[in-house]
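Subject: Handing over the structure

Hi there,

Here is the structure I promised to pass on to you. Have a look at it first, and then read on for what turned up in it.

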Amino acid sequence: MAKRELGKAFEPAAAEKRLYEYWLKNNYFHAQDESEAPAFSIVIPPPNVTGMLHMGHALNNTLQDIIIRFKRMQGYNTLWMPGMDHAGIATQNVVEQQLIKEGTSRHELGREKFIARVWEWKEKYGGVIINQLKRLGCSCDWERQRFTMDKGLSNAVREVFVRLYNEGMIYQGDYIVNWCPRCHTAISDLEVEFKQDQSFLWNIRYPFADGQGEIVVATTRPETMLGDTAVAVHPNDERYKDKIGKYVILPLMNKKIPIIADDYVTMDFGSGAVKITPASDPNDFAMAQRHNLEIIAVIDGNGFINENGGVYKGQDRYEARKNVVDDLEKGGYLVGTEPYAHNVGQCYRCKTDIEPMVSKQWFVKIKPLAKQAIAAVVKDKTKIIPKTWEATYFEWMNNIRDWCISRQLWWGHRIPVWYCENCKKVIVATVDPDKCPDCGGTSLKQDEDVLDTWFSSALWPFSTLGWPKETKALKTFYPTSLLITGFDILFFWVARMMMMGLYVMKDVPFKHVYLHALVRDEKGEKMSKSKGNSIDPLLMIDQYGTDAFRFTLAAYTAQGRDVRLSPERIEGYKFFVNKIWNASKLTFTNLEDFDESATLNVADSLPDIWIKARLNRAIEEITLSLDEYRFNDAAAAVYRFIWHELCDWYLELSKPVFYGKGAPEKRQAAQKTLYVVFQTMLQLLHPFMPFLTEELWQVLRGSDKDSIMVSKFPVIKEEWINEAAEKEMEMIMEIITSVRNIRGEMRIAPSQKLNVLISAADEQTSKIIEHGENYILNLANLESMKVEINIIEPKGVATAVIGSTKIFVPLAGIVDISGEKARLEKELAKISKDLEQSSRKLANRDFRAKAAPEIIQKEEDKLKDFQKKFATLENALKKLKGLSA
């Protein structure tokens with residue numbers, strides 16, 4: 001084996017840059033459009049061009065890279081398609097903010113110059129996240145990188161729009177939409193985020209037009225009453241049956257509006273009568289359609305009262321609310337006000353309260369598309385993992401509303417619709433027309449709106465592969481194998497890709513969808529800068545290295561559970577990296593004179609047989625876990641094998657052989673086992689820790705000719721299966737552990753040699769123990785070990801029990817029993833006092849009411865620690881009392 005000294009510790013910063021460049025230089029990430037190998041493909045959830053790497057990205061892309069590296073090593077022709085989303089609202093906002101700082105605006109620039117400016121910004125600043133993904137070790141096929149606004153994808157967008165339009169699936173109509181007064185665009189239902197608002201419910205008196213009494217309505221938005229066109233009651237409400245069809249006077253506006261009956265009204269809300277403002281509420285809009293009511297908009301696109309609002313014209317909607325309430329009170333119309341908590345919709349981008357607004361928009365008839373997407377999941381053509389998300393998917397798809405796809409922005413795919421100014425013909429085409437097909441006129445005006453960003457994203461799995469062209473890549477890699485994404489965009493993106501994939505390609509876009517949860521802090525709280533609990537992934541990479549960071553994410557990713565993360569947890573896996581590095585130094589020292597080609601005529605030792613059997617188990621568990629997307633189980637299996645079985649046991653058991661205490665042939669056999677096991681271990685670990693494993697692989701192989709990433713992922717070897725050796729070794733390890741535990745409990749120095757008596761239940765057990773005598777003497781640091789069948793427990797011994805086997809450690813002359821008892825009793829008294837104090841503090845209601853949550857948590861942790869210490873000391877004292885008895 002080639003000699004190359006490892007440094008004191010792994011230096012991630014230098015190694016990661018060098019190794020990533022090595023992978024790129026050798027084109028290891030590149031997929032073949034045509035190959036005899038089976039295809040495996042993933043499309044990246046395209047990050048926004050404005051994006052910076054956050055914990056969600058880090059988790060999502062780490063999981064994708066683990067699977068891609070795993071499948072690549074299994075011999076698949078793997079494609080991980082990278083790219084970015086043009087992010088309509090977000091990108092336009094960024095550039096508009098720049099223009100404001102320059103003292104200008106997009107309107108002053110004009111549309112063409114503004115779009116040119118956005119492209120300029122994109123080339124200069126956009127895509128920072130791509131380099132950040134490379135720092136994470138992502139092995140995407142970067143040569144294929146796509147952008148939702150590039151020429152190929154823009155062609156695909158137009159092609160799908162025109163097809164849908166020609167088939168009557170796209171239409172334009174007046175509809176109530178969610179309007180953002182800040183972004184000046186409609187946003188879909190999914191783009192509305194809700195926050196709870198502590199507001200009021202105002203009860204307002206609407207007098208009957210005939211002067212005979214009044215009806216009281218309750219509202220959370222009194223300013224919208226300026227556009228009321230009816231009052232509605234439930235048809236079965238006995239209180240109002242004789243009032244249906246009558247008229248009331250709309251306060252402040254002094255006009256007559258009818259009382260109508262509709263099943264939508266809830267009889268037990270407020271007075272059971274509600275005001276109907278069709279232009280400001282989706283449910284009222286639907287009621288207006290059913291009853292043919294007038295639709296009067298009183299709030300404009302900027303959130304101000306318009307000319308239909310009478311004396312309130314020009315007022316901001318919240319200023320108008322205050323003034324309307326004041327005037328209602330002055331006019332004697334305000335019956336009462338009560339506190340009321342309700343959800344208020346906000347724009348997911350700028351957090352401005354959305355304003356329902358009736359406007360002309362473009363829509364996709366979605367139900368026919370949703371029907372196919374539901375059937376595909378029912379028939380298991382696409383599997384959603386975890387399966388629990390299927391119910392949510394079905395519920396949303398079964399209750400889906402038509403998709404509003406137009407946005408009042410400039411940055412994005414402009415809607416491919418033109419209007420002839422001569423004959424008013426509507427032209428829908430994939431290429432810009434130069435004249436009207438009906439009248440031949442050349443005065444054509446394109447629709448001002450752009451498409452919802454999610455429209456182009458919905459085509460991502462096939463448009464990135466070259467569609468509408470019939471490319472080799474499309475034939476090889478569609479449908480894609482897997483999509484890994486956050487559950488929060490199941491409807492935004494996953495469902496829409498399902499619908500569009502089935503509509504365009506007549507096949508599902510992916511066979512499996514793995515939905516991961518959110519990354520939260522270690523207490524399970526949502527991360528935010530305002531709370532001060534957010535974690536910067538790039539800072540974690542700088543501090544602990546990419547491998548430790550990636551492994552932590554995988555280790556805490558359990559299906560259906562949020563990932564709870566803290567810098568301390570990442571640091572914990574940095575220690576794992578150090579452990580592997582130190583074990584590697586020992587391994588390379590032991591393999592310095594190893595000749596891989598040498599013929600051996602000696603049988604493997606028990607530890608050699610055992611470690612290969614355990615490695616087989618690890619291979620099986622890791623492979624199955626990754627196949628089933630159980631990332632935490634796969635990480636736990638590789639961790640357990642490396643730390644506990646390879647490092648803690650095999651290397652320690654084999655030290656005497658490596659240090660020459662035995663025949664040279666035995667050493668050569670152990671070297672061969674160590675070489676094979678260490679190499680296989682690196683391959684199992686590679687998908688999780690790509691940089692560390694590549695570095696050690698090249699040292700082990702003495703060359704950088706072939707990367708570990710294109711080596712074959714380990715498979716179970718029949719010749720390594722040996723349950724008998726596993727059981728035998730388990731007995732030996734349990735005896736060693738039991739003696740070590742007695743040392744700890746009795747405070748016996750590790751250097752103190754002990755004499756041990758072992759009572760075996762039968763002859764077979766006795767032979768197993770005797771076979772492992774050298775290992776037990778060495779690792780338990782014993783002077784002597786005597787094994788007999790069914791010994792009666794001697795006096796003055798500490799005892800450990802393993803099934804029917806008993807281990808006796810004589811303590812005479814080793815432990816001062818009375819002195820140790822006194823020490824333990826003193827410690828127990830102190831801990832009892834601490835326990836009582838901590839318990840009293842936590843039982844105090846004032847403390848729990850006034851203390852900060854982190855202080856309470858700290859105290860609870862202290863109590864648990866005291867309880868644990870108390871139990872340990874109590875157990876040790878019990879044993880000592882038993883000895884003296």
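Let me start with a pair from the middle of the chain: L482 stands opposite H512 in strand β23. Please keep in mind throughout that this is a predicted model.

**The β-α-β unit**

The pair above belongs to the pairing of β22 (residues 480–486) with β23 (residues 510–516), which is parallel and runs over six bridges. Together with helix α15 (residues 490–505), these two strands make a right-handed β-α-β unit. Is β22 covered or not? It is mostly covered, with seven of its seven residues buried.

On the β23 side, V513 is a handy residue to pick out, since it lies in that strand. V513 has a relative accessibility of 1%, and because the cut-off for buried is under 20%, V513 counts as buried. If you want a long-range distance to check in your viewer, take V513 and K868: they are 355 residues apart along the chain, and their C-alpha atoms are separated by 43 Å.

**Two sheets of four strands**

One open sheet has the strand order β10-β11-β9-β12, and its pairing is mixed. Its edge strands are β10 (247–250) and β12 (273–276), each of which pairs on one side only. On average, neighbouring strands here are turned by 35 degrees against each other, with direction ignored. Within this sheet, β9 (residues 230–233) and β12 run antiparallel and are joined by four bridges. V231 has K275 in β12 as its bridge partner.

The other open sheet, also of four strands and with mixed pairing, is ordered β27-β26-β29-β28. Here β27 (782–789) and β28 stand at the edges with a single partner strand each, so one side of each has no neighbour in the sheet. The average turn between neighbouring strands of this sheet is 20 degrees, direction again ignored.

Which residue would I look at in this second sheet? I would go for I807 in β29, as A800 stands opposite it, and I807 is also the bridge partner of I758. The A800 contact belongs to the antiparallel pairing of β28 (residues 797–802) with β29 (residues 805–810), which has six bridges. The I758 contact goes with β26 (residues 754–760), which pairs with β29 in the antiparallel sense over three bridges. The hairpin of β28 and β29 has two residues between the strands, and G803 there takes a positive phi near 60 degrees.

As background, strands of a sheet pair through backbone hydrogen bonds, either parallel or antiparallel.

**Helices**

Helix α2 (residues 55–73) makes a neat geometry check: at 1.5 Å a residue, its 19 residues should span 27 Å, and its end C-alpha atoms are indeed 27 Å apart, so the two agree. Of those 19 residues, 18 are buried, so α2 is largely enclosed by the rest of the structure. After α2 comes G75, with a positive phi near 95 degrees.

Finally, how do α21 (residues 664–685) and α22 (residues 690–701) sit against each other? Their axes come within 10 Å and cross at roughly 155 degrees. Because angles over 145 degrees count as roughly antiparallel, α21 is roughly antiparallel to α22. The crossing of these two helices is left-handed.

Happy browsing, and do write back with any questions.

Best wishes

Terms used: Residues numbered from 1 in each chain as written. Predicted model: local features only at pLDDT ≥ 70, side-chain atom pairs only at ≥ 80, totals over all residues. Heavy atoms only, no water. Buried < 20%, exposed > 50% of the residue type's maximum accessible area, 1.4 Å probe, protein only. Pairing = 2+ DSSP bridges. Right-handed = clockwise from strand over helix to strand, strands pointing away. Expected span 1.5 Å × (residues − 1). Axes fitted to C-alpha atoms, helices over the stretch in contact; angles between N-to-C directions. Parallel < 35°, antiparallel > 145°, perpendicular 65-115°, else oblique. Left-handed = near helix turned anticlockwise from the far one by under 90°.
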